[in-house]
Amino acid sequence: MEGNVFDYLIVGAGFAGSVLAERLASDDGAKVLIIDKRPHIGGNAFDHYNDAGILVHKYGPHIFHTNSREVFEYLSRFTEWRPYEHRVLASVDGQLLPIPINLDTINRLYGLSLTSLQAADFLSSLAERRDPVRTSEDVIVSKVGRELYEKFFRNYTRKQWDLDPSQLDATVTARVPVRTNRDDRYFSDTYQAMPLRGYTRLFENMLDHPNIKILLNADYHEVVDEIPYREMIYTGPVDEFFDYCYGKLPYRSLLFKHETIDKPVWQPAPVVNYPNEHLYTRVTEFKYLTGQEHSKTSIVYEYPRAEGDPYYPVPRPDNAEMYKRYKALADATPFVHFVGRLATYKYYNMDQVVAQALKLYSKLSGARSTATRAFENGSGLTFVNHPA
Ligand SMILES: Cc1cc2nc3c(=O)[nH]c(=O)nc-3n(C[C@H](O)[C@H](O)[C@H](O)COP(=O)(O)OP(=O)(O)OC[C@H]3O[C@@H](n4cnc5c(N)ncnc54)[C@H](O)[C@@H]3O)c2cc1C
């Protein structure tokens with residue numbers, strides 16, 4: 001930092017912004033200002049102790065899982081972990097059944113006692129051939145047939161997206177597994193764990209560096225002209241950055257209804273999905289996730305919405321087209337780096353955002369060392385090039 005100029009202004013203190021702040025400050029010695037319009041760090045992964053003293057996730061359940069050793073080891077610098085394998089039940093035909101669909105789901109739903117091999121044959125007999133597989137409906141119906149699709153997937157998707165699966169890209173459900181064994185884990189990643197003292201503590205540790213300053217309750221538009229900086233890392237919505245010049249990129253939002261109940265356990269699994277009944281899609285009980293012992297318990301209901309905070313980009317071809325135009329603008333904007341789920345208009349899990357941020361960091365630090373070397377070699381090229 002020369003004088004009072006920050007090397008980087010980082011907009012957004014979620015995983016994308018915080019990982020970059022940490023890397024640039026600790027590894028590169030850069031002076032960083034990270035801002036967020038919310039009153040807290042952590043982005044959507046923010047957790048806190050509610051009035052009853054129970055640790056809850058303000059923006060819905062965040063389960064950490066990854067196959068990336070690099071990401072897991074990197075985050076392990078800032079937290080210890082609690083081993084945790086996520087499990088979900090779906091309320092269907094008056095029963096609570098394992099989801100993803102597995103051998104027990106099939107046997108209990110149909111009152112059968114099939115073996116794994118028989119279940120595989122059973123599912124093949126239900127599956128309908130779809131060629132090509134274009135929509136989310138095609139994906140599911142071609143795996144498990146129409147009846148299971150109707151019971152477990154169709155209405156859940158309609159609630160979640162306000163679109164029928166036949167109107168949604170195949171990518172939305174492409175990774176939904178169907179199992180013929182009794183594995184009832186929701187994820188099958190190599191690393192599955194929760195930060196032992198919560199996500200917010202992880203973020204506090206990550207940002208605890210003398211080169212990192214944090215400014216909260218600060219919308220980028222309100223402060224950007226007041227802050228001297230050389231380069232910007234922007235993790236907010238890309239369409240907002242460009243004043244919606246090509247229109248507003250559509251998102252689905254959620255309303256979270258948090259509740260604390262005066263008994264130690266509320267439901268028999270961390271998450272119960274409600275595909276067919278109720279306006280909400282699922283109920284999460286946080287103590288399963290955090291392992292906290294408490295005489296009361298806290299849950300959250302999720303009600304999908306059109307309006308509100310942007311959570312899920314709507315994966316439809318026309319939206320992808322609009323994003324392409326914004327991406328071209330972003331690529332042509334010097335000294336601003338767009339990273340994270342809002343700035344790239346893509347639903348990413350936390351580990352994917354961490355990986356994306358680490359990748360951008362190696363690019364930035366590589367570019368810096370090349371520029372520094374050129375400068376030392378007398379080419380006169382410097383990396384201090386943005387008069388803020
Ligand atoms: C309901 C829900 C459940 C999820 N569950 C999981 C899960 O179980 N496992 C998993 O791996 N992932 C999960 N995710 C995904 C996870 O939340 C994201 O991967 C992660 O939050 C992305 O980090 P980010 O930094 O890109 O974005 P964010 O966490 O959204 O951070 C962006 C930050 O930028 C700030 N910002 C935006 N605009 C401005 C502005 N104009 N000025 C200042 N600040 C601004 C925002 O306030 C926000 O804090 C879930 C997401 C949702 C919505």
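Select His-65 and Gln-192: the two are bridge partners, with Gln-192 sitting in strand 9. Strands here are DSSP runs (E, at least two residues), helices are DSSP runs too (H or I, at least four), and both are numbered from the N terminus. You are looking at a predicted model, where local features need pLDDT of at least 70, side-chain atom pairs count only at pLDDT 80 or more, and totals for chains, interfaces and linings use all residues. Residues are numbered from 1 along each chain as its sequence is written, and side-chain values use heavy atoms, leaving out hydrogens and water.

**Stop 1: strand 9**

Now show strand 5 (residues 65–66) beside strand 9. They run antiparallel, joined by 2 bridges. Two strands count as paired if DSSP finds at least two bridges between them. Add strand 6 (residues 81–83). It pairs with strand 9 over 3 bridges, again in the antiparallel sense. Pick Trp-81 and you will find Pro-195 of strand 9 opposite.

Is strand 9 largely enclosed or open? Colour residues 191–195 to see: 4 of the 5 are buried, so the strand is largely enclosed by the rest of the structure. Buried means under 20% relative accessible area, exposed means over 50%, and partly exposed lies in between (1.4 Å probe, protein chains only).

**Stop 2: the nonpolar cores**

Select Leu-75. Leaving aside neighbours within four places in sequence, Leu-75 is in contact with Phe-15, Phe-64, Trp-81, Leu-202, Met-206 and Val-354. Contact means heavy atoms within 4.5 Å.

Leu-75 also belongs to the largest nonpolar core, which has 86 residues. Such a core is a set of buried Ala, Val, Leu, Ile, Met, Phe, Trp, Tyr and Cys residues joined through side-chain atoms within 4.5 Å. Those with the most contacts inside the core are Phe-15, Leu-20, Leu-24, Leu-75 and Met-232. Show helix 11 (residues 350–376) next: it gives the largest share of this core, 8 residues. A second, separate core has 22 residues, including Leu-97, Ala-119, Val-141 and Val-271. In soluble globular proteins, nonpolar side chains tend to be buried together.

Move to His-337, in strand 17 (residues 336–338). With 17% relative accessibility, His-337 counts as buried. Its contacts, leaving aside neighbours within four places in sequence, are Glu-231, Met-232, Ile-233, Tyr-234, Leu-360 and Leu-364.

**Stop 3: the open sheet**

Show strands 8-7-13-14-15-12-16, in that order. These 7 strands form an open sheet with mixed pairing. Where are the edges? Strand 8 (95–99) and strand 16 (312–313) are the edge strands, each pairing on one side only. Zoom in on strand 7 (residues 88–92) and strand 13 (residues 271–273), which pair in the parallel sense over 3 bridges. Ala-90 stands opposite Asn-273 of strand 13.

**Stop 4: helix 3 and its neighbours**

Select helix 3 (residues 103–110). Helix 3 lies across strand 7 and strand 8, at about 155 degrees to strand 8. Axes are lines fitted to C-alpha atoms, for helices over the stretch in contact, and angles run from 0 to 180 degrees between N-to-C directions.

Add helix 5 (residues 136–161). The two helices pack at an angle of about 100 degrees, with axes 13 Å apart. Helix 3 and helix 5 are therefore roughly perpendicular. The cut-offs are under 35 degrees for roughly parallel, over 145 for roughly antiparallel, 65 to 115 for roughly perpendicular, and oblique for the rest. On helix 3, pick Thr-105, Leu-109 and Tyr-110; on helix 5, pick Glu-147, Leu-148, Lys-151 and Phe-152. These residues make the contact.

Swap in helix 4 (residues 116–126). Its axis and that of helix 3 come within 10 Å and cross at roughly 70 degrees. Helix 3 is thus roughly perpendicular to helix 4. Leu-103, Ile-106 and Tyr-110 of helix 3 meet Ser-116, Ala-119, Phe-122, Leu-123 and Leu-126 of helix 4.

**Stop 5: backbone oddities**

Most residues other than glycine have a negative phi, and most peptide bonds are trans. Look at Ile-99 and Pro-100: a cis peptide bond joins them, with omega about 5 degrees. Pro-100 is in the loop between strand 8 and helix 3. Another cis bond joins Asp-131 and Pro-132, also with omega about 5 degrees.

Finish at Asp-243, whose phi is positive, near 50 degrees. At 60% relative accessibility, Asp-243 counts as exposed.
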